[in-house]
Amino acid sequence: MKVVRRIDIPCGQTYLFELEDRGLLECGDVFMAREHRYGERPYRFSDFDAPADSNKRVMTICSMSGCPVGCRFCASSRTFRRNLTSAEIFAQVQAMVDLGGPL
């Protein structure tokens, strides 16, 4: 698995990975926003005034190459190839830990 693109955003990073069979995966490694008041977080990137709380890390990983659902708004729609192996799923997490911000 190799990194095709990394995009740094105020609260973390997003990645585009390429599998050995040339399938593409889009993943995210973000830190939750600091709460302004208890229970309230900013939900727009422009609202982030400082790096987020590194104790609240969230990773989005893929379990399939493509998606069989076909939502019109999604870049993965109608491109289902296959389910990922457990090694490929773990490799996403390991890559984001190695390339991302502090734990």
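## Salt bridges, a sheet and a helix: worked exercises

Glu-88 and Arg-82 form a salt bridge, with their closest N and O atoms 2.7 Å apart. Keep in mind that this is a predicted model.

**Exercise 1. Work out which residues share a salt-bridge network with Glu-88, and how exposed they are.**

Step 1. Start from Glu-88: its relative accessible area is 16%. Buried means under 20%, so Glu-88 counts as buried.

Step 2. Move to its partner. Arg-82 comes out at 23% relative accessibility, so it is classed as partly exposed.

Step 3. Look for another bridge at Arg-82. Asp-21 pairs with Arg-82 too, with 2.8 Å between the closest N and O atoms. Arg-82 belongs to strand 6, while Asp-21 sits in the loop between strand 2 and strand 3, so this pair links parts 61 residues apart in sequence.

Step 4. Check Asp-21: at 34% relative accessible area, Asp-21 is partly exposed.

Step 5. Put it together. Through shared partners, Asp-21, Arg-82 and Glu-88 make up one network.

**Exercise 2. Find what the salt bridge between Glu-18 and Lys-2 ties together.**

Step 1. Get the distance: the two side chains meet at 3.5 Å, N to O. It's one of four salt bridges found in the whole structure.

Step 2. Place the residues. Glu-18 is in strand 2 and Lys-2 in strand 1, so the bridge connects parts that are 16 residues apart in sequence.

Step 3. Compare the two ends. Glu-18 is buried at 15% relative accessible area, whereas Lys-2 is partly exposed at 49%.

**Exercise 3. Trace the sheet of four strands and say which strands stand at its edges.**

Step 1. Begin with strand 1 (residues 2-9) and strand 2, which pair antiparallel over seven bridges. A hairpin with two residues joins them. For a couple of register checks, Arg-6 has Tyr-15 as its bridge partner, and Arg-5 stands opposite Leu-16.

Step 2. Carry on to strand 3 (residues 24-31), which pairs with strand 2 in the antiparallel sense, again over seven bridges. Here Gly-12 has Val-30 as its bridge partner. In the hairpin between these strands, five residues long, Arg-22 has a positive phi near 75 degrees.

Step 3. Write down the order: the sheet is open, runs 1-2-3-4 and has antiparallel pairing. Strand 1 and strand 4 (57-60) each have a single partner strand, so they are the edges, and one side of each lacks a neighbour in the sheet. Ignoring direction, neighbouring strands are turned by 15 degrees against each other on average.

Step 4. See what packs on the sheet. Helix 1 (residues 86-99) touches strand 1, strand 2, strand 3 and strand 4, and its direction makes about 135 degrees with that of strand 4.

**Exercise 4. Check the length of helix 1 and find where its buried residues point.**

Step 1. Do the length check. With 1.5 Å a residue, 14 residues should span 20 Å, and the end C-alpha atoms are 20 Å apart, so the two agree.

Step 2. List the buried residues: Glu-88, Gln-92, Ala-95 and Met-96.

Step 3. Look down the axis. The buried residues of helix 1 fall within an arc of 95 degrees, so they line one face. Here's the background: an α-helix has 3.6 residues a turn, so residues three or four places apart point the same way.

Step 4. Ask what covers that buried set. The cover includes strand 2, strand 3, strand 4 and strand 6 (82-83).

Step 5. Flip to the other side of helix 1, where Ser-86, Ala-87, Phe-90 and Asp-98 are exposed.

Methods
Residues are numbered from 1 along each chain as its sequence is written. This is a predicted model: local features need pLDDT of at least 70, side-chain atom pairs count only at pLDDT 80 or more; totals for chains, interfaces and linings use all residues. Side-chain values use heavy atoms; hydrogens and water are left out. Two strands pair if DSSP finds at least two bridges between them. Axes are lines fitted to C-alpha atoms, for helices over the stretch in contact, and angles run from 0 to 180 degrees between N-to-C directions. Contact means heavy atoms within 4.5 Å. The expected span of a helix is 1.5 Å times one less than its number of residues. Buried means under 20% relative accessible area, exposed over 50%, partly exposed in between (1.4 Å probe, protein chains only). The arc is that of the directions from the helix axis to the C-beta atoms.
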